[in-house]
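Work through the exercises below with the model open in your viewer. Try each task before reading its solution.

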2 protein chains.
Amino acid sequence: MTSAEILAKHDIKPSLPRVLIFDYLRQHRTHPTVDEIYSSLSKRVPTLSKTTVYNTVKLLSAAGIVKTITIEEQQARYDACTDLHGHFLCTDCGGVFDFDTSLPDSRLPHGFTVKTQEVYYTGSCEHCSQKN
Amino acid sequence: MTSAEILAKHDIKPSLPRVLIFDYLRQHRTHPTVDEIYSSLSKRVPTLSKTTVYNTVKLLSAAGIVKTITIEEQQARYDACTDLHGHFLCTDCGGVFDFDTSLPDSRLPHGFTVKTQEVYYTGSCEHCSQKN
DNA sequence: TAATTTAATTGTAATCATTACAAAAGTGAA
DNA sequence: TTCACTTTTGTAATGATTACAATTAAATTA
């Protein structure tokens, strides 16, 4: 399914900036920050505003078609893959990697309603582990 | 074990501000922010600096006796309880609640070394679920 | 104890990600 | 075209965090 179709299905008008940003996230599974999205796209679309990137990732995240990754204090990252998987932050090189995971077995307090579930690990990636 | 003893055991000199801050976190299991810690303690210790709170929670977190909770974009929260449990952010009222959880069954890429593991859920707490 | 070194704390000033907001541009209907 | 509405943009705030230099406190040495 095209990005425009997915946006439309979620009642988001598939304007050019929105399609570009969503496309970028679907094609770059590196958990980019707003700055990375903006820097890459503004080369091809010089009129793009960073505010639009902020607005759009918030919109896509609220619609549930993009996940906001808050594994770092400094800035948020975004992921268009909403299938179940964990995120691993290498505190040496700063990279964020996917890993396979189940959901944990959780007992929530009574009456709580779940919207999102995230599994975050930190440590050292293979490359940085070897250097230490 | 007293806070001072725990600090000493981790080679952290138990200065007054450090003991106060660690004590505060051990007694207030509400996942306070730096601002909340500072506001509460500065009433009794007017000379306390917010920078010291930042320095100290970073120090305690690096020592592994405090967990940094990055479930929100806006600001970090801190938790002196390092036993296994999940954190639930109510996106309506902003509260952060503990819940019982196992660790998920994860397959990490080869060679990765794990330092911390976090399970974050978002949604609505019981109180806010009822209002909706 | 006094002098000296080292570590911890403080206050202020930056930094920088994010948001607020109002103006400009785009879109669609009548 | 004109009007109403939505989206985008640029700039200016906001606010959490960090950098840094100065002060204070603690530990060490003579």
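**Exercise 1. Find the protein surface around DNA strand D, and say which residues come closest.**

Solution. Keep in mind that this is a predicted model.

Step 1. Select the protein residues around DNA strand D: there are 18. The closest are Ser15(A), Thr47(A), Thr52(A), Tyr54(B) and Ala76(B).

Step 2. Assign them to helices. In chain A, α2 (16-27) and α4 (50-63) each supply at least two residues of this surface, and α4 (50-63) of chain B does so too.

Step 3. Sort by class. The surface divides into five charged, nine polar and four nonpolar residues.

**Exercise 2. Decide which part of DNA strand D faces the protein: sugar and phosphate, or bases.**

Solution. Step 1. Take the strand D atoms within 4 Å of the protein: 79% belong to sugar or phosphate, and the rest to bases.

Step 2. Look at single contacts to phosphate oxygens. Tyr54(B) places a polar side-chain atom 2.8 Å from one. For Lys58(B), a side-chain N or O atom is 2.9 Å from a phosphate oxygen. Ser49(A) uses a polar backbone atom instead, at 3.3 Å.

**Exercise 3. Repeat the analysis for DNA strand C, and find which residues come nearest.**

Solution. Step 1. Count the residues around DNA strand C: 17. Tyr54(A), Lys58(A), Ser15(B), Thr47(B) and Thr52(B) come nearest.

Step 2. Assign helices. α4 of chain A, with α2 (16-27) and α4 of chain B, each give at least two residues.

Step 3. Check the strand atoms within 4 Å of the protein. Sugar or phosphate accounts for 76%, bases for the rest.

Step 4. Inspect contacts. A polar side-chain atom of Lys58(A) lies 2.9 Å from a phosphate oxygen of strand C. A polar backbone atom of Ala76(A) is also 2.9 Å from a phosphate oxygen. Thr51(B) reaches a base: its polar side-chain atom lies 3.3 Å from a base oxygen.

**Exercise 4. Work out how chain B is related to chain A.**

Solution. Step 1. Recall the general case. Two copies of a chain are related by a rotation about an axis and a shift along it.

Step 2. Superpose. A turn of 180° and a shift of 0.0 Å along the axis lay chain B on chain A with an RMSD of 0.0 Å. This is the relation of a two-fold axis.

Step 3. Locate the axis. Pro104(B) is the chain B residue closest to it, with its C-alpha at 2.0 Å.

Step 4. Compare the contact surfaces. The copies meet through the same surface, because 100% of the interface residues of chain B are also interface residues in chain A.

**Exercise 5. Describe the contact between chain B and chain A.**

Solution. Step 1. Count residues: 40 from chain B and 40 from chain A.

Step 2. Take the area. The two chains bury about 3,200 Å² between them, 50% of it on carbon and sulfur atoms. In chain B, Glu73(B), Phe112(B) and Tyr121(B) lose the most area to chain A, together 18% of what that side buries.

Step 3. Count polar links. There are 27 residue pairs in polar contact across the interface. The salt bridge count is one. Arg107(A) and Asp100(B) form this salt bridge through their side chains (4.0 Å, N to O).

Step 4. Find the main element. β6(B) gives the most to the chain B side, with twelve residues. By class, that side has 16 nonpolar, 15 polar and nine charged residues.

Note on methods
Residues numbered from 1 in each chain as written. Chains lettered and ligands numbered in written order. Predicted model: local features only at pLDDT ≥ 70, side-chain atom pairs only at ≥ 80, totals over all residues. Heavy atoms only, no water. Near = heavy atom within 4 Å. Polar contact = N/O pair within 3.5 Å; in protein donor to acceptor, adjacent residues only side chain to side chain. Helix = DSSP H or I, 4+ residues; strand = E, 2+ residues; numbered from the N terminus. Nonpolar A, V, L, I, M, F, W, Y, C, P; charged D, E, K, R; others polar. Least-squares fit on C-alpha atoms with pLDDT ≥ 70 in both. Contact = heavy atoms within 4.5 Å. Buried area = accessible area lost by both parts, 1.4 Å probe.
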